[in-house]
Amino acid sequence: MIFIKVNILSIFLLLLFVQICLTDGETGYIETCTCLKESSNGNYCAEQSCTAQYKYNKCFSGRSTVRTRDGKDISLSNIQIGQEVLVFYRNKLIFQPIYDIIHRENSKFYTFIHLTVFNHYENLTHSIEISSKHLIYKYGLLDAVFASQIQIGDYLQLVNQFKIIPGKVIQIDEIISQGYSAPLTPSGTIVVNNIVSSNYAEARNHHLAHLVMQPYRWWRNLFESKKTIQTDLNWYISILYYFANKTGFLNIL
């Protein structure tokens, strides 16, 4: 009975996620087809094999850093599953373990939005390299917004001496940076380069996206404790986006 309820909940959350996703020129499926057999007259392909790969936003750059429990700043290209990192949960800064990294690549170069934030308490700047459809938190707001929606003069949630302060966005650039990483924490948040961010991209609502990931958190806790990290999206995220793309919901919102 419990298993049936979990399945029903998973289906509901999957449908919910499909309705909150969106796409733009940076996302979608790239389909590659190979002709296996030509027609008898050679005018068309009678049989073909096709594969589809989801083109997903790259979250954070590989050189972005997170703060670990022992006080060290470690790059996302080197962080490992199970390490505890700083997150913002229920209006508190705490440490939580990274329970998975849904994909990571350390060698190639990718395009990110580079947000420069001024810390007036310390008279210094911080910056974050983040994909355009990744969710990030404005100061004073409960709901996260896409990084592409941030404008100069906006205030982000900045960590200073283990407190959240307003950090003013003073510069926005497009930057090419090496590698990418997409870590997941139980709270669905993570502090990257001292700036509070969501774990999620492309879904416009952080809370619903976090709800949709609940079955996967259960799965990781109960059945899957491996610590390997792959370049491609993991199976759960791949299924979500494949279903969303095939049903056409990715193009609605």
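This short talk describes the overall make-up, the salt bridges, the aromatic pairs and one surface patch of the structure shown above.

Good morning. Please keep in mind throughout that this is a predicted model.

I begin with the overall picture. The protein has 253 residues, and 47% of them are buried. Its secondary structure consists of four helices and 15 strands. Taking contacts between residues at least 6 apart in sequence, 62% join residues at least 24 apart. The accessible surface amounts to about 13300 Å², and carbon and sulfur atoms account for 54% of that surface.

One position in the interior serves as an example. S197 is located in strand β15, residues 195-201. Is S197 buried or exposed? S197 counts as buried, because its relative accessibility is 0%, and the cut-off for buried is under 20%. Which residues does S197 touch, once neighbours within four places in sequence are set aside? The contacts are F60, I128, L135, I136, Y137, G188, T189 and I190.

I turn now to the salt bridges. The count for this model is four, and I shall go through three pairs.

The pair I take up to begin with is R63 with E129, whose closest N and O atoms are 2.6 Å apart. R63 belongs to the loop between β3 (60-61) and β4 (65-67), while E129 belongs to strand β9 (residues 124-130), so this salt bridge ties together parts that are 66 residues apart in sequence. The two partners have contrasting surroundings. R63 counts as exposed, at 52% relative accessibility, whereas E129 counts as buried, at 5%.

Next is R67, which forms a salt bridge with D73; here the closest N and O atoms are 2.4 Å apart. R67 is partly exposed, with 30% relative accessibility, and D73 is also partly exposed, with 48%.

In a further salt bridge, the side chains of R69 and E84 meet at 2.3 Å, N to O. This pair links distant parts of the chain, 15 residues apart: R69 sits in the loop between β4 and β5 (73-75), and E84 in strand β6 (residues 84-89). As for accessibility, R69 is exposed at 51%, and E84 is partly exposed at 29%.

There is also a charge placed over a ring. K133 lies over the face of F146, at 5.6 Å from the ring centre.

The aromatic residues come next. A pair of aromatic rings is described by the distance of the centres and the angle of the planes. How many aromatic pairs are there? The count comes to eight, and I shall describe two.

In the pair of F95 and F162, the ring centres are 6.2 Å apart and the planes stand at 35°, so the pair is classed as tilted. F95 is in strand β7 (residues 92-97) and F162 in the loop between β12 (155-160) and β13 (163-184); the pair thus links distant parts of the chain, 67 residues apart. F162 counts as partly exposed, at 47% relative accessibility.

For Y216 and W235, the centres are 5.8 Å apart and the planes are at 70°, so the pair is edge-to-face. Y216 lies in helix α3 and W235 in helix α4, so this contact ties together parts that are 19 residues apart in sequence. Y216 is buried, with a relative accessible area of 1%, while W235 is partly exposed, with 38%.

Y216 and W235 also belong to one aromatic cluster, together with Y99, W219, F223 and Y236.

This leads to the surface. Which residues form the nonpolar patch with about 670 Å² of accessible area? The patch is made of W218, W219, L222, F223, W235 and I239. Two elements, α3 (214-222) and α4 (235-247), each give two or more residues to the patch. The most comes from α3, which contributes three residues. F223 is found in the loop between α3 and α4, and F223 is exposed, with a relative accessible area of 61%.

W219, F223 and W235 therefore appear in two of the groupings I have described: W219, F223 and W235 are members of the aromatic cluster, and the nonpolar patch includes W219, F223 and W235. W235 is, in addition, the partner of Y216 in the edge-to-face pair.

To close, I return to the helices. Y216 in α3 pairs with W235 in α4, and α3 and α4 are the elements that give two or more residues to the nonpolar patch. Thank you.

Key
Residues numbered from 1 in each chain as written. Predicted model: local features only at pLDDT ≥ 70, side-chain atom pairs only at ≥ 80, totals over all residues. Heavy atoms only, no water. Buried < 20%, exposed > 50% of the residue type's maximum accessible area, 1.4 Å probe, protein only. Patch = residues over 30% accessible without salt bridge, like charges linked within 9 Å, V, L, I, M, F, W, Y side chains within 5 Å. Areas by Shrake-Rupley, 256 points an atom, 1.4 Å probe, with all protein chains shown as cover. Contact = heavy atoms within 4.5 Å. Phe/Tyr/Trp six-rings, centres within 6.5 Å; stacked < 30°, edge-to-face > 60°. Lys NZ or Arg CZ within 6 Å of the ring centre and 35° of its normal.
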